[in-house]
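Biologist: I am new to this structure and would like to learn how to read its sheet and its cross-link. Could you take me through them step by step?

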Amino acid sequence: QVQLKQSGGGLVQTGGSTRLSCAASGRTFSPYAMGWFRQALGKERQFVGAINWSYGTTYYGKGVNDRFTISRDSAKNTVYLQMNSLKPEDTAVYYCAVDLIENPYGLAVTPGMYDYWGQGTQVTVSS
């Protein structure tokens, strides 16, 4: 039902910044939350952060909240991931995802809690 289209990323130098975008296709879009995950080669998908769609409150994975910022533009059905002070270990495929149903325990950090996924976009940080 929900289609997520990602853009941004590419090759970034160490210490640089980039912003990823993820736009939902629906003209009306009111999910509980949008999340960002990343997956490096040969590793499991890792939680980056999520944002409550109604209130804009955010929650970040360990070691990223000092450098990464999640924001949204509700009028455009779009969520953003601003990444600063990038490191080579940030190199991964980044995915956005939508959680349609409210989680009584708060913003979900596991991939299985999300309902639809974007196609992913590569971010490579050069060393």
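Biologist: In this predicted model, in which sense do E1 and E3 pair, and over how many bridges?

Modeller: The pairing of E1 with E3 is antiparallel, and it extends over four bridges. To see the register in terms of residues, look at Leu4, which stands opposite Ala24 in E3.

Biologist: Which strands make up the open sheet, and in what order?

Modeller: The open sheet has four strands, and its order reads E1-E3-E8-E7, with antiparallel pairing. Strand E1 (4–7) and strand E7 (68–73) are the edge strands, since each of them pairs on one side only. As for the twist, neighbouring strands of this sheet are turned against each other by 15° on average, with direction ignored.

Biologist: Turning to the cross-link, how many disulfides does a search of the whole structure find, and which residues does a disulfide join?

Modeller: For a disulfide, one looks for two cysteine sulfur atoms within 2.5 Å of each other. Searching the whole structure gives one such link, and it joins Cys22 to Cys96, with an S to S distance of 1.9 Å. Because Cys22 belongs to strand E3 (residues 18–24) and Cys96 to strand E9 (residues 92–99), the pair ties together parts that are 74 residues apart in sequence.

Biologist: What is the handedness of the link of Cys22 and Cys96, and are these two residues buried or exposed?

Modeller: The link of Cys22 and Cys96 is right-handed, with 60° about the S-S bond. Cys22 is buried, and Cys96 is buried as well.

Conventions
Residues numbered from 1 in each chain as written. Predicted model: local features only at pLDDT ≥ 70, side-chain atom pairs only at ≥ 80, totals over all residues. Heavy atoms only, no water. Helix = DSSP H or I, 4+ residues; strand = E, 2+ residues; numbered from the N terminus. Buried < 20%, exposed > 50% of the residue type's maximum accessible area, 1.4 Å probe, protein only. Pairing = 2+ DSSP bridges. Axes fitted to C-alpha atoms, helices over the stretch in contact; angles between N-to-C directions.
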